[in-house]
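Thanks for sharing this one. Here are a few notes to read alongside the coordinates.

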Amino acid sequence: LLDLCILDINSLDYSYCVLAAAAFCHFSSFDVVHKVSGLTWDSVAPCVRWMSRFMDTLRTQTKPQLKNFPKVKSDARHNIQTHVAYLDLLRKSLDRPDSPECQLSPVAVGTVLTPPSSTEKPANH
């Protein structure tokens, strides 16, 4: 996800720690991200939203499969690189329409997250 995102010029709007935390949010809960990074949801949320179109594009792709090389020991398999056409994925991501105000619900740190009462919900939903 990060390899794809950093190809976009808009990635420069975010610090490295925010980019890493936002990417982690797409694979884990914000509670875990907060414990690891110490960042607040308010500092990470804009980047998570921006990154969503790239994650959506990646979800549509088949996962690259590692080839089996008999002479490569299992503990060295992480050195095998797969080919990914990142520029094609970047084009697909940028061609996707922006999600209409992506509404993310982070896991609240230290509390239980509950839905808003009916009087607090927007009228257009």
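The points below go through one helix, one of its contacts and a surface patch.

1. A reminder before we start: this is a predicted model, so please read each point in that light, since local features need pLDDT of at least 70.

2. I would look at helix α4 to begin with, which covers residues 41-59. With 19 residues, a straight helix would reach 27 Å at 1.5 Å a residue, yet the end C-alpha atoms of α4 are only 24 Å apart. There is also a bend of about 40° in α4, located at Ser52.

3. Ser52 itself belongs to the buried residues of α4. Also among them are Trp41, Trp50, Met51, Arg53, Phe54 and Thr57. What do the buried residues of α4 pack against? Their partners are α1 (2-5), α2 (16-25), α3 (30-37) and α5 (86-95).

4. On the α5 side, have a look at Ser93, which is found in that helix. Ser93 counts as buried because its relative accessibility is 0%, and the cut-off for buried is under 20%. Beyond neighbours within four places in sequence, Ser93 is in contact with Arg53, Phe54 and Thr57, and also with Leu4. Those first three are listed with the buried residues of α4.

5. Finally, the surface. Phe24, Phe27, Val32 and Val36 make a nonpolar patch of about 380 Å² there. Is Val36, a residue of helix α3, buried or exposed? Val36 counts as exposed, because its relative accessibility is 61% and exposed means over 50%.

Technical notes. Residues are numbered from 1 along each chain as its sequence is written. This is a predicted model: local features need pLDDT of at least 70, side-chain atom pairs count only at pLDDT 80 or more; totals for chains, interfaces and linings use all residues. Side-chain values use heavy atoms; hydrogens and water are left out. Helices (H or I, at least four residues) and strands (E, at least two) are DSSP runs, numbered from the N terminus. The expected span of a helix is 1.5 Å times one less than its number of residues. The bend at a residue is the angle between axes fitted to the seven residues ending there and the seven starting there. Buried means under 20% relative accessible area, exposed over 50%, partly exposed in between (1.4 Å probe, protein chains only). Contact means heavy atoms within 4.5 Å. Patches are made of residues with over 30% relative accessible area and no salt bridge: like charges are joined within 9 Å, nonpolar side chains (Val, Leu, Ile, Met, Phe, Trp, Tyr) within 5 Å. Accessible areas come from the Shrake-Rupley method with a 1.4 Å probe; for residues, only the protein chains shown count as cover. A salt bridge is a side-chain nitrogen of Lys or Arg within 4 Å of a carboxyl oxygen of Asp or Glu.
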